Amino acid sequence: MNIPTLNGILPPFPTPVTTDGKVDEAALRKLVDYLVQAGCRGLVPIGGTGEYTALAPADRERVVAITVEVAAGRVPVVAGMVSPGFAEAVEAGKAFKACGADALLTVTPFYVSPSQQGIRDYFRAYRDAVDMPILFYDIPYRTRIVTDVSTIVQMELDGSIFGMKACNTDMAHFNEIAALTTADFQLLSGEDMLFPAQIALGARGGILASSPLIPEYWVELQHLLDRGEMQQAIAAHRELLPLLKALFLEANPGPLKTAMKWMGHDCGEVLAPLRAPNEMTVEQMRQALEGLERKDLISRISHKL
């Protein structure tokens, strides 16, 4: 099994859709190529930001297949899988494997509220069933399941997972994972607001929801961190705080899709049950982006805020 090397910025990008809710293949191809050209080190189609739960299985597979085709081996493709049930998750994982994905970003099983041993058993069985590298997706504020550090350590030792996207905002929890997993464990930040701190504690990069919007900025921020220029990186990250606060005022990817359109990548409307962001959110995003532009930190791309 070929385990991909994941580091740097790996955008979990929104799925472009047409007015009738179908995948906008032309917009998707444009977006994928743009993200690679911007210096991103991997791509994460579907998943939560890609509106996995709102898309039909065939549409999910098409998005993964197009992403793999356009990436053309330049960067790894990690397909997001957020199905809560084992049988459906296996079916999706095998389909994404057939589409050419390099790995699966697999969420903690939820709704049934599993025990820690249940989580460990699930990932061991899932890894065996799909026969693919599995990146563990730990996001307790969505799943309502907190995965113990010891469980994550055991899952690495089991060979069930080769790394994780960490969205638990408990930094002590993150630090223990970094300390107790092996040097080969590919630990990635999943929290835009905590990115420099998680890198400092051992993350290799980030799967960040805001990164498809301004990928060059995030790539440069990663470069600062890689060079050990922590104070400069923190200062650059703090410039983003107004934008990040605005983007997460409402459920992702509603605000993100609106902002992506401003930046020249029209991904269409969000799918049910999500709705377009309200006027207050839109205004805060507009002000934040204009603030970044005034400071010469981003450039407009054929758009009008």
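With 305 residues, a compact globule would be expected to have a radius of gyration near 19 Å; the protein chain has 18 Å, so the two agree. The model is predicted. Along the principal axes, the C-alpha atoms fill a box of roughly 50 × 45 × 35 Å. The chain holds 13 helices and 7 strands.

How much of the chain is buried? Of its 305 residues, 54% count as buried. Now take the contacts with a separation of 6 or more. Residues 24 or more positions apart account for 71% of them.

Next comes the interior. The largest nonpolar core has 96 residues. Six of its members touch the most other members: F96, Y126, L213, I214, W218 and L221. Follow L221 outward. Leaving aside neighbours within four places in sequence, L221 is in contact with F195 and P196. L221 also contacts A233, A236, H237 and L240.

Helix α6 gives a second view of the interior. This helix spans residues 149–158. Within α6, V149, T151, I152, V153, M155 and E156 are buried. What covers them? The cover includes two helices, α4 (116–130) and α7 (171–180). It also includes the strands β4 (134–138) and β5 (163–166). After α6 comes G159, with a positive phi near 85 degrees.

Now for the open space. Rolling a probe the size of a water molecule over the atoms shows where empty space is left. The largest pocket encloses about 790 Å³. Its lining has 37 residues. Which of them lie nearest the centre? They are G48, T49, Y137, R142 and N252. By type, the lining divides into 23 nonpolar, 8 polar and 6 charged residues. Strand β3 (103–107) and helix α5 (140–143) each supply at least two lining residues. Helix α5 gives the most, with 3 residues.

The second largest pocket has a volume of about 160 Å³. It is lined by 15 residues, and those closest to its centre are I3, E156, G159, I161 and F162. Two of these names have come up already. E156 is one of the buried residues of α6, and G159 is the residue with positive phi that follows the helix. The lining of the second largest pocket divides into 8 nonpolar, 4 polar and 3 charged residues.

Note on methods:
Residues are numbered from 1 along each chain as its sequence is written. This is a predicted model: local features need pLDDT of at least 70, side-chain atom pairs count only at pLDDT 80 or more; totals for chains, interfaces and linings use all residues. Side-chain values use heavy atoms; hydrogens and water are left out. A nonpolar core is a set of buried Ala, Val, Leu, Ile, Met, Phe, Trp, Tyr and Cys residues joined through side-chain atoms within 4.5 Å. Buried means under 20% relative accessible area, exposed over 50%, partly exposed in between (1.4 Å probe, protein chains only). Contact means heavy atoms within 4.5 Å. On a 1 Å grid over the protein atoms alone, a cavity is a set of points where a 1.4 Å probe fits but cannot get out, and a pocket is an open set with protein on both sides within 12 Å along at least five of seven lines; lining residues have an atom within 4 Å of a point. Grid points are joined across faces, edges and corners, and a volume is the space filled by probe spheres set on the points. Helices (H or I, at least four residues) and strands (E, at least two) are DSSP runs, numbered from the N terminus. Ala, Val, Leu, Ile, Met, Phe, Trp, Tyr, Cys and Pro count as nonpolar, Asp, Glu, Lys and Arg as charged, and the others, Gly among them, as polar. The radius of gyration is taken over C-alpha atoms; the globule rule is 2.2 Å times the number of residues to the power 0.38.
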